[in-house]
Amino acid sequence: MKKWWIALAALSSIGVGVATAANLAPPQGTVTIVLPSDARTSFKPGAGVETAQRYCLTCHSSAYVSIQPGLSTAQWTAEVEKMKNVYGAPIPDDQVSTLVTYLATEYGL
Amino acid sequence: MVAAGAALGGISLATAADAQTVVDLPFVNGQRPLTAFPQKRPLLQVTPRPPQLETPFAIFDDGVFTPNDAFFVRWHLAGIPQSVDASMHRIKVTGAVQRELLLSLDDLATMRTIEITAVNQCSGNSRGFFAPRVAGGQWGNGAMGNARWTGVRLRDILTRAGLQSNAKQVQFRGLDGPVLPETPAFKKALDVDVARGDDVIVAYLMNGQPMPLLNGFPVRLIVPGWYATYWVKMLAEITVLDHVDDNFWMKTAYRIPDTPAANIAPGTTGFATIPINKLNVRSFVTNIADGATISAGSTSLRGIAFDGGNGVRRVEISIDGGRTWRNAILEQDYGKYSFRRWNARWDARPGAYDVAVRASSNDGVMQKATPIWNPGGYMRNSIETYRVTVS
C-alpha cells in the first residue's frame, strides 16, 4: 500500500497534464507508475491448486481463470495446451492432466 | 479504503482483495471490483495483471469524449514498463525501407500535426454477452472510448523512410514484452495501403493531454475505424515487411470468420478466417440502464452511436421492443470516426417497456436484432434493449 502513495505523489509532481488544448506539443519527461501487486489474487483451493499457482501466475493473475464463464474439460484442455505450446508456459507433460482436472473441477461448467 | 481514497480527491487506493464496490455485470462470473490504477479513476477491474480495466458504462452519458482517466485499459503481456521517459523515447523505422529512421518525439513535433476524433473499441467488447459464452476477456460494454487524438500521419513517417517496392505490410511493436522469452511478443500489422491512409496517425496526445501510461504513453498508433488491437501502445518499432505478417498475433489470434458480419454457427469447424479489421455499427442508451425505474412524464433518452468510419446516418428508438421505431435527433458531428450523441423525447406513461436503440451507418448498414456469434467473441453489435419500468 505504501507504494501506491509514493506513486500518486510522484505522478502529481511529474507533470502529467502539462499540455493544454492550445499546446499540442509532444509530452516531455518521465512518467512513473507502480502497478498493484496481484500477490493477493489466488486460486480456489482444491486438488491440483499448487500446480495452478506454480505455472499460471508467472504470466497472469488468477482472474484470467476466475472471470471465465465456466469452461468444459475440453475447453480447459485447449486453454492449457495453448499456454504450454503457444505462450511457452513450462508446464511439464505429466502436470497437464492435473492442471486440467483442477480447472475443470473448480472453474468448470 | 474507499474513504481514504476519497480524501485524495476521489482516487480509491483499494485493491481487489479489499472490501470495496463491486459492479455486477449481468452474466455468469461478472463481478468486477471497482479499482483505481495509477492515473485512473476507479474502473471495473477485469484482471489486475496484465491490467484489463473496463469503463463504467454511466461515464458514456457524461459527454462525447471519454475522459483519459476513465478510458478502458487492455494489455496482453505483463511486461509493461512502469517508467517511461518521453524525452528518451525513440521510434525505430526499419525493414523494407530506403532509409532507417530513429525518431524522437521532438522529431515528430517538426512534422505536420493532425488531430482526429476516433472511437477506440476492443475487438472483444461485450464478449461476456455472447451466447453460448466463449473463453477470453469477459468484457461488458465498456471496452471502448472516444477521444481526440493528436499526432502525425504514419504516412508522413513512411514517406520520410521511403518504402521499397516490395513493401507489403507495416508491422508495429510497443515497449511491452512477455514475461517469458518463449511467449510471442505483441506485434500487429496493417497492409501498406491501410497504413498509408489519411487518418492513421502516430499520436502523442489524447484529449489534448499526454495519454496515461496505461493507454500507451508517450505515443501510440491510432487506426480510426479499426479495432483497438491495431492501436499499438508505447509505439517503439515500425517494421516494413515484404510479406504478410505471420506472427502469432496476426496469423492465429484476432481472426474472424470470413463470413458476412463475421457470423458463424456455434460448433462450426474448418472455416476460413481473416484478421479482424473495421468496427461495425453500434448504438447504446447512456442515461437509462437495463432494469431501471423512472418517473412518469416527459423524459429524454440519450445515447451514443458509431461505426467504422462511414459515419452515422440515423438512430432510431423503440419503446415496444423493436416493433415500432422513430427517429432520434443526432447531435453535434465530431467526424465520421467519433461517437455521435443522440437524444429523443419520451412522454413516458406508467408501465413496463422494452426500450431499444438501433443505428444505421452511411453505407446503409443497420444494426440487427439477432446477435452474431463467432468463437473469438468478437464484434458483437446487435440492437441493445433495456427493460424500463415507468411509475
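**Exercise 1.** In this predicted model, which residues of helix H2 (residues 49-56) of chain A are buried, and on which side of H2(A) do they lie?

*Solution.* The buried residues of H2(A) are Thr51(A), Ala52(A) and Cys56(A). Around the axis they cover an arc of only 100 degrees, so they lie on the same side of H2(A). An α-helix has 3.6 residues a turn, so residues three or four places apart point the same way. The cover over the buried residues of H2(A) includes helix H3 (63-66) and helix H5 (93-106) of chain A.

**Exercise 2.** Classify the orientation of H2(A) relative to H5(A), and describe their contact.

*Solution.* Begin with the axes: those of H2(A) and H5(A) come within 9 Å and cross at roughly 110 degrees. Angles of 65 to 115 degrees count as roughly perpendicular, and H2(A) and H5(A) are therefore roughly perpendicular to each other. Next, the residues: from H2(A), Val49(A), Thr51(A), Ala52(A) and Tyr55(A) meet Gln95(A), Thr98(A), Leu99(A) and Tyr102(A) from H5(A). Of the residues in this contact, five are nonpolar, three polar and none charged.

**Exercise 3.** Do the equivalent for helix H4 (residues 73-85) of chain A and H5(A).

*Solution.* The axes of H4(A) and H5(A) come within 9 Å, crossing at roughly 135 degrees. H4(A) and H5(A) are therefore oblique to each other, and the crossing is right-handed. On the H4(A) side the contact is made by Thr73(A), Trp76(A), Thr77(A), Val80(A) and Lys84(A); on the H5(A) side, by Val96(A), Leu99(A), Val100(A), Leu103(A) and Ala104(A). By class, the residues of this contact are seven nonpolar, two polar and one charged.

Conventions
Residues are numbered from 1 along each chain as its sequence is written. Chains are lettered from A and ligands numbered from 1 in the order in which they are written. This is a predicted model: local features need pLDDT of at least 70, side-chain atom pairs count only at pLDDT 80 or more; totals for chains, interfaces and linings use all residues. A residue is buried if 20 or more other C-beta atoms lie within 10 Å of its own, exposed if 12 or fewer, and partly exposed in between; C-beta atoms are placed from the backbone. Helices (H or I, at least four residues) and strands (E, at least two) are DSSP runs, numbered from the N terminus. The arc is that of the directions from the helix axis to the C-beta atoms. Two residues are in contact if their C-beta atoms, placed from the backbone, lie within 7 Å. Axes are lines fitted to C-alpha atoms, for helices over the stretch in contact, and angles run from 0 to 180 degrees between N-to-C directions. Angles under 35 degrees count as roughly parallel, over 145 as roughly antiparallel, 65 to 115 as roughly perpendicular and the rest as oblique. A crossing is left-handed if the near helix is turned anticlockwise from the far one by less than a right angle, and right-handed if clockwise. Ala, Val, Leu, Ile, Met, Phe, Trp, Tyr, Cys and Pro count as nonpolar, Asp, Glu, Lys and Arg as charged, and the others, Gly among them, as polar.
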